[in-house]
Amino acid sequence: MIDPFRSSGLNVVSRERLTDQTAAALRDYILTNRLAVGTRLPAEPSLAQSLGVSRNVLRQAVASLEALGMLRVTQGSGTYVADVADTEVFAQIAAWMGSDGLTEHDYLEVRAIWERGIYELVIDRASVSEVDHLDEISSAMVHAEDPGKAAALHEEFHDVLLRATGNQFLVTIGTILHNFFWEFGYRRALVRKPPVERLLDSHRSIVRLLRTRDRGNIPQMIDLHLSPDDSGDESADEKEGRAT
């Protein structure tokens, strides 16, 4: 007897494909809603129901994203958006790259190339409201009394800066690279990190230079943001004036 379903050419649904689709839906949910690191996802039953999949499929999808460093599962607590810099992902990349022969100059040169491209696009494309938003964040960053709050504002500043480029792919890859540069260079102490006060204060000067819409100011912006402090207590405003 001929199987009517087999003869009609109906393809068997792959469980692996369903898991991939579920993982993709979760990933898109995280990125589209710009969920911050540490955000707790809905409970498993609710999440599975919203996605229209079984809890077993959901668990497999979550496990795949956990392996990629996007999610962190805490037993008895829940599933959270992970900080990729705290996963093995960056550690593995850094291990393959190695640090033998890496100089501070080389590191800062690559950072400068990357940041130049971002500043060029922001100067050309950012709206006045986007620059105003950057100004508000940079001011709040300087006046934040809690170091954790200041760090969160710093992350928000660079997120808004990337979005002001108008390039969605750059937003995604830029967030990853920003974290990687920080992890590889600063957390591993391979290069000198700018002092916290000057680093935070420099963002206000960067916004002022962005407002000029003059690409000629980009070297000053890069210098303000990246240069290790070799000038005592020189403020970002003084450094901006000296660079000018």
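**Exercise 1. Decide whether His203 is buried or exposed, and find what surrounds the residue.**

Solution.
Step 1. His203 has a relative accessible area of 0%. Buried means under 20%, so His203 is buried. The model is a predicted one.
Step 2. Place the residue in the chain: His203 sits in helix H10.
Step 3. List the contacts, leaving out residues up to four places away in sequence: His203 touches Ser138, Met141, His154, Phe157, His158 and His225.
Step 4. Compare this list with helix H8, which covers residues 147-163. His154, Phe157 and His158 are among the buried residues of H8, and His203 touches each of these three.

**Exercise 2. Describe helix H8: its span, its start and its packing.**

Solution.
Step 1. H8 has 17 residues. From its first C-alpha to its last, the helix reaches 24 Å, close to the 24 Å expected at 1.5 Å a residue.
Step 2. Look at the start of the helix. There, a side-chain oxygen of Asp146 comes to within 3.2 Å of the backbone nitrogen of Gly148.
Step 3. Pick out the buried residues. They are Ala150, Leu153, His154, Phe157, His158, Asp159, Val160, Leu161 and Leu162.
Step 4. Find their partners. The buried residues of H8 pack against helices H6 (104-125), H7 (128-143), H9 (168-187), H10 (196-211) and H11 (218-226).

**Exercise 3. Which residues lie nearest the centre of the second largest pocket, and which elements give two or more residues to its lining?**

Solution.
Step 1. The volume of this pocket is about 300 Å³.
Step 2. Its lining consists of 17 residues, and Glu44, Val62, Val73, Gly78 and Thr79 lie nearest the centre.
Step 3. Helix H3 (44-51), helix H4 (55-68), strand E1 (71-74) and strand E2 (78-81) each give two or more residues to the lining. H4 supplies the largest share, four residues.
Step 4. Sort the lining by type: eight residues are nonpolar, six are polar and three are charged.

**Exercise 4. Summarise the whole chain: its elements, its buried share and its contacts.**

Solution.
Step 1. Count the elements: there are 12 helices and two strands.
Step 2. Read their order from the N terminus: α-α-α-α-β-β-α-α-α-α-α-α-α-α.
Step 3. Take the buried share. Of the 244 residues in the chain, 36% are buried.
Step 4. Consider contacts between residues at least 6 apart in sequence. Of these, 69% join residues at least 24 apart.

Definitions and conventions:
Residues numbered from 1 in each chain as written. Predicted model: local features only at pLDDT ≥ 70, side-chain atom pairs only at ≥ 80, totals over all residues. Heavy atoms only, no water. Expected span 1.5 Å × (residues − 1). Buried < 20%, exposed > 50% of the residue type's maximum accessible area, 1.4 Å probe, protein only. Contact = heavy atoms within 4.5 Å. Polar contact = N/O pair within 3.5 Å; in protein donor to acceptor, adjacent residues only side chain to side chain. 1 Å grid on protein atoms, 1.4 Å probe; cavity = no way out; pocket = protein on both sides within 12 Å on 5 of 7 lines; lining within 4 Å. Points joined across faces, edges and corners; volume = space filled by probe spheres on them. Nonpolar A, V, L, I, M, F, W, Y, C, P; charged D, E, K, R; others polar.
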